[in-house]
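Please find below a short set of comments on this structure, arranged as numbered points. They may be read with the sequence and the model side by side.

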Amino acid sequence: MTAGPGPGDALFDNEDMAAPAPETEAPSAGIVDVAAVDPALSDPDTVAEVVAPQREIATGEGQTLLRTDGLSVRFGGLVALDDVTFEIRRGEILGLIGPNGAGKTTCFNAITGVYKPSGGTVTFDGKPLEKTKRNEITRLGIARTFQNIRLFGEMTALENVVVGTDARHRTSVPGAIFRTARHRREERDAVERGLALLEFVGIAPRAVEKAKNLSYGDQRRLEIARALATEPKLLCLDEPAAGFNPSEKSALMDLIRKIRDDGFTVLLIEHDMRLVMGVTDRIVVLEFGRKIADDLPTAIRENPAVIAAYLGVPDDAAS
Ligand SMILES: Nc1ncnc2c1ncn2[C@@H]1O[C@H](COP(=O)(O)OP(=O)(O)OP(=O)(O)O)[C@@H](O)[C@H]1O
């Protein structure tokens with residue numbers, strides 16, 4: 001969706017200012033012909049099914065998936081998140097925006113168990129998350145990517161994704177040591193699913209390349225594939241387009257829509273307003289840790305409080 005012109009357009013027209021990471025030249029490990037490895041993966045519907053076996057969107061689209069109630073996070077005397085209440089509905093792409101330092105990443109971190117809230121609650125899929133550990137939150141169905149790419153550089157793209165599928169494995173430690181039939185089956189399934197995930201995000205031909213040798217854009221896609229490997233109900237993307245050029249951003253928007261259409265719910269932090277306006281169903285705006293707006297993209301771009309929040313910071317920070 002491309003929203004028409006309106007008040008505040010100039011604010012939302014800037015391209016992301018982050019500089020692209022330098023691409024390293026390294027000898028290629030070779031191109032993988034995915035259709036030859038697994039002919040089923042040449043069919044996009046099969047790929048989509050393998051990637052999202054649970055198809056959440058078909059069951060309960062529009063119902064509340066996650067809700068924060070009065071969520072607050074303090075760092076010493078600084079209130080980074082102040083009494084923030086919002087919900088994420090099944091099957092939507094929710095944008096979380098705000099000027100630098102507004103509390104977006106802190107909100108992500110409080111939801112995903114990295115920070116312990118100093119007040120308020122987070123309820124996910126009907127369960128309170130306050131006492132839930134980070135790995136358990138992943139198992140419950142929340143996955144995320146980070147502002148700074150965090151991949152295992154010496155491992156191949158496929159291995160990075162297969163590691164992500166481990167969150168779902170049921171084999172016991174003795175089972176893994178003695179390589180029981182169940183463990184071998186899980187390994188085979190994980191490799192098949194890993195390849196499907198790489199195909200889904202568009203980098204399957206690079207499956208055997210070390211992550212560190214992938215282009216910056218492919219590394220970002222690999223991060224998304226790895227997050228999807230945990231079979232999340234909610235995928236949280238923290239500035240996935242940072243450093244992208246306009247055509248890469250447009251391709252990323254297509255991928256985010258494809259992820260949602262495949263049954264995942266998406267929470268997106270992004271500075272690039274054209275991307276946010278073009279891909280989200282609803283937007284929550286933070287300023288100085290407080291929620292100042294929660295509305296449809298068309299209403300957000302005309303919201304005086306939002307426009308003022310962005311005018312209150314230098315232009316290059318309000319990209
Ligand atoms: N671990 C921390 N310790 C102390 N202060 C922190 C910590 N993390 C964040 N802050 C502070 O909390 C506030 C909110 O930061 P946060 O990173 O959540 O903002 P943001 O909206 O994600 O910003 P940006 O768009 O620049 O990434 C800022 O004032 C920041 O300096």
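1. A word on classes is needed before the ligand is discussed. Ala, Val, Leu, Ile, Met, Phe, Trp, Tyr, Cys and Pro count as nonpolar, Asp, Glu, Lys and Arg as charged, and the others, Gly among them, as polar. The model under review is a predicted one.

2. Which residues surround the ligand? They are Phe75, Leu78, Ala80, Gly98, Asn100, Gly101, Ala102, Gly103, Lys104, Thr105 and Thr106. Sorted by class, this shell has six polar, four nonpolar and one charged residues.

3. The shell may also be described by its secondary structure. At least two of its residues come from strand E2 (78-89), and at least two from helix H4 (104-111). The largest share belongs to H4, with three residues.

4. The domain assignment divides the chain into domain 1 (28-57 + 151-231) and domain 2 (60-141 + 232-319). Domain 1 brings 17 residues to the contact, and domain 2 brings 17 residues. On the side of domain 1 that touches domain 2, helix H3 (44-51) and helix H9 (216-228) each provide at least two residues. H9 gives the most to this side, namely six residues. By class, the side of domain 1 that touches domain 2 holds ten nonpolar, three polar and four charged residues.

5. Helix H9 merits a separate comment. With 1.5 Å for each residue, a span of 18 Å is expected for its 13 residues, and the 19 Å between its end C-alpha atoms agrees with this. Is H9 largely enclosed or exposed? Twelve of its 13 residues are buried, so H9 is largely enclosed by the rest of the structure. Among the buried residues are Asp218, Arg220, Arg221, Glu223 and Arg226, together with Leu222, Ile224, Ala225 and Leu228.

6. The final point concerns the largest nonpolar core, which has 80 residues. In soluble globular proteins, nonpolar side chains tend to be buried together. Within this core, Leu197, Leu198, Ala225 and Leu235 touch the most other members. Helix H8 (residues 181-201) supplies the largest share of the core, seven residues. Domain 1 and domain 2 each contribute at least three residues to this core.

7. Leu197 offers a useful example for inspection. Which residues does Leu197 touch, not counting those up to four places away in sequence? Its contacts are Val51, Val161, Ala225, Leu228 and Ala229. Of these partners, Ala225 and Leu228 are also listed among the buried residues of H9.

Technical notes:
Residues are numbered from 1 along each chain as its sequence is written. This is a predicted model: local features need pLDDT of at least 70, side-chain atom pairs count only at pLDDT 80 or more; totals for chains, interfaces and linings use all residues. A residue is near a molecule or strand if its C-beta atom, placed from the backbone, lies within 6 Å of it. Helices (H or I, at least four residues) and strands (E, at least two) are DSSP runs, numbered from the N terminus. Domain bounds come from an automatic or database domain assignment. Two residues are in contact if their C-beta atoms, placed from the backbone, lie within 7 Å. The expected span of a helix is 1.5 Å times one less than its number of residues. A residue is buried if 20 or more other C-beta atoms lie within 10 Å of its own, exposed if 12 or fewer, and partly exposed in between; C-beta atoms are placed from the backbone. A nonpolar core is a set of buried Ala, Val, Leu, Ile, Met, Phe, Trp, Tyr and Cys residues joined through C-beta atoms within 7 Å.
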